[in-house]
Amino acid sequence: MKKELTVDDFIKGIPKAELHIHIEGSFEPELMFKIAERNKARTRFKSVEEVREAYKFCNLQDFLDIYYEGAGILTGEEDFYELTTAYLEKAASQNVLHSEIFFDPQTHTGRGIGFSTVIDGIHGAVTDAGGKFGISTRLIMCFLRDLGESSAMKTLEEALPYRDRITAVGLDSAEVGNPPSKFREVFARAREAGFLAVAHAGEEGPAQYVREALQLLKVSRIDHGNRCIEDDELTEELVRRRIPLTVCPLSNLRLKVVNRLEDHPLRRMLERGLLVTVNSDDPAYFGGYINENYSAITRALNLTAEDVYKLAKNSFEASFLNEGEKAEMSARVDEYKNS
Ligand code: ADE
Ligand code: ZN
């Protein structure tokens with residue numbers, strides 16, 4: 001282990017993958033103002049400081065209201081391109097080698113923006129980022145669970161012509177009252193079309209939603225999954241099947257999923273043998289990108305450099321890279337540790 005480094009410096013340098021990032025959640029206020037001006041759009045805020053001041057959330061819904069308001073500024077293909085490029089540049093600067101990015105088409109198509117505008121902008125940016133920043137990517141299209149299954153089905157139909165650009169479908173937005181069981185058919189259809197599947201579950205919702213996501217939606221990863229730990233049998237299944245959890249510490253703190261990071265279940269998850277990863281969720285809203293998430297949880301739970309190494313290794317194992325790519329990137333984690 002790199003003895004001369006502080007754990008924080010070890011975190012900054014270690015190669016890692018990010019598997020839970022909503023591109024609309026990386027929309028920094030500075031970029032919001034720039035794009036709003038270009039689009040001659042109005043915002044109810046007068047300054048960047050005023051926007052940041054508004055980012056005090058009581059729960060998930062409270063956050064979602066302001067997150068959808070911010071995303072409403074995105075209009076043209078270049079807006080999606082610029083948003084995605086800004087995130088990828090930042091992620092690469094934090095030694096993210098690979099990122100699996102969520103996008104929420106319904107947030108935009110519901111306002112009359114074409115599906116093609118959204119996907120062309122994001123896809124253009126991820127394609128260029130490979131060469132510009134040396135970062136590899138996959139795209140995950142999320143269905144907004146509060147809009148119901150028929151809207152999700154329509155969105156899936158719109159995505160089919162872009163099948164080669166999108167690796168998986170996901171499920172996000174207001175969790176409680178919108179269980180995975182409502183989305184059985186659209187996930188079955190998506191899997192038939194060749195998409196992999198993930199779902200947010202057990203963030204605010206109960207362990208039962210995690211079970212439903214596994215059994216009914218046949219997901220290969222659970223996003224968040226905090227509350228799985230309340231159910232021993234479910235936890236055992238997740239461990240046995242090596243189903244990854246994409247955990248987001250600063251998000252959990254800001255959305256009051258935990259009252260203090262010291263109460264976060266991540267250490268217990270690791271001790272139970274769960275395939276845990278650390279991610280930023282919505283970095284522009286929750287006060288940190290991936291390295292700040294690793295640092296905050298490391299400090300709160302007294303994690304060691306060995307734990308950080310484990311989390312970074314997990315991030316590649318849990319990714320949708322092929323086995324060769326996983327082996328190559330994972331070897332870079334070992335090289336870093338042993339150098
Ligand atoms: N959309 C963006 N961030 C989310 C989160 N943390 N939970 C559910 N939906 C989201
Ligand atoms: Zn999320």
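**Exercise 1. A residue of helix H5**

Is Glu78 buried, partly exposed or exposed, judged by its relative accessibility?

Solution.
Step 1. The structure is a predicted model, and every value used here is computed from it.
Step 2. Locate the residue: Glu78 belongs to helix H5.
Step 3. Recall the cut-offs: under 20% is buried, over 50% is exposed, and partly exposed is in between.
Step 4. Glu78 has a relative accessibility of 46%, so Glu78 counts as partly exposed.
Step 5. For a distance from this residue, take Lys154, which is 76 residues from Glu78 along the chain. The C-alpha atoms of Glu78 and Lys154 are separated by 25 Å.

**Exercise 2. The surroundings of ligand 1**

List the residues around ligand 1 and sort them by kind.

Solution.
Step 1. The residues around the ligand are His22, Leu60, Phe63, Leu64, Tyr67, Asp172, Ser173, His200, Glu203, His224, Asp281 and Asp282.
Step 2. Sorted by kind, this shell holds 4 nonpolar, 4 polar and 4 charged residues.
Step 3. Look for the element that gives the most to the shell: it is helix H4, residues 60-71, with 4 residues.
Step 4. Turn to the space itself. The largest cavity is the space taken by ligand 1.

**Exercise 3. Polar atoms at the ligand**

Which side chains have an N or O atom 2.7 Å from a nitrogen atom of ligand 1?

Solution.
Step 1. Glu203 is one of them: an N or O atom in the side chain of Glu203 is 2.7 Å from a nitrogen atom of the ligand.
Step 2. Asp282 is another, with a side-chain N or O atom 2.7 Å from a nitrogen atom of ligand 1.
Step 3. His22 can be added at another distance, since a polar atom of the His22 side chain lies 3.4 Å from a nitrogen atom of ligand 1.
Step 4. Now consider the cover. On its own, ligand 1 has 260 Å² of accessible area, and the protein covers 100% of that area.

**Exercise 4. Two positive phi angles**

Compare the settings of Asn95 and His224, two residues with a positive phi.

Solution.
Step 1. Asn95 is not a glycine, yet its phi is positive, about 65°.
Step 2. Its place is the loop between helix H5 (77-93) and strand E2 (96-103).
Step 3. The relative accessible area of Asn95 is 30%, so Asn95 is partly exposed.
Step 4. His224, also a residue other than glycine, has a positive phi near 75°.
Step 5. Strand E6, residues 221-224, contains His224.
Step 6. With a relative accessible area of 0%, His224 is buried.
Step 7. His224 is also among the residues around ligand 1.
Step 8. Side by side, Asn95 is partly exposed, whereas His224 is buried.

**Exercise 5. Two residues of helix H15**

What do Asn293 and Leu301 lie beside or reach, and how far are they covered?

Solution.
Step 1. Asn293 sits in helix H15, which spans residues 290-301. Leu301 is in helix H15 too.
Step 2. Asn293 has 0% relative accessibility and therefore counts as buried.
Step 3. The Asn293 side chain reaches the backbone nitrogen of Leu250 at a distance of 2.9 Å.
Step 4. Leu301 has a relative accessible area of 8%, so Leu301 is buried as well.
Step 5. Leu301 and His264 are 37 residues apart along the chain, and their C-alpha atoms are separated by 8.0 Å.

**Exercise 6. Separation along the chain and in space**

How many Å separate the C-alpha atoms of Ser319 and His98?

Solution.
Step 1. Ser319 is in the loop between helix H16 (305-317) and helix H17 (323-338).
Step 2. The relative accessible area of Ser319 is 4%, so Ser319 is buried.
Step 3. Along the chain, Ser319 and His98 are 221 residues apart, and their C-alpha atoms are separated by 8.6 Å.
Step 4. Treat Glu237 in the same way. Glu237 lies in helix H11, residues 232-240.
Step 5. Glu237 is buried, as its relative accessible area is 16%.
Step 6. Leu214 is 23 residues from Glu237 along the chain, with 9.8 Å between the two C-alpha atoms.

Technical notes
Residues numbered from 1 in each chain as written. Chains lettered and ligands numbered in written order. Predicted model: local features only at pLDDT ≥ 70, side-chain atom pairs only at ≥ 80, totals over all residues. Heavy atoms only, no water. Near = heavy atom within 4 Å. Polar contact = N/O pair within 3.5 Å; in protein donor to acceptor, adjacent residues only side chain to side chain. Areas by Shrake-Rupley, 256 points an atom, 1.4 Å probe, with all protein chains shown as cover. 1 Å grid on protein atoms, 1.4 Å probe; cavity = no way out; pocket = protein on both sides within 12 Å on 5 of 7 lines; lining within 4 Å. Sits in = over half its atoms within 2 Å of the grid points. Helix = DSSP H or I, 4+ residues; strand = E, 2+ residues; numbered from the N terminus. Nonpolar A, V, L, I, M, F, W, Y, C, P; charged D, E, K, R; others polar. Buried < 20%, exposed > 50% of the residue type's maximum accessible area, 1.4 Å probe, protein only.
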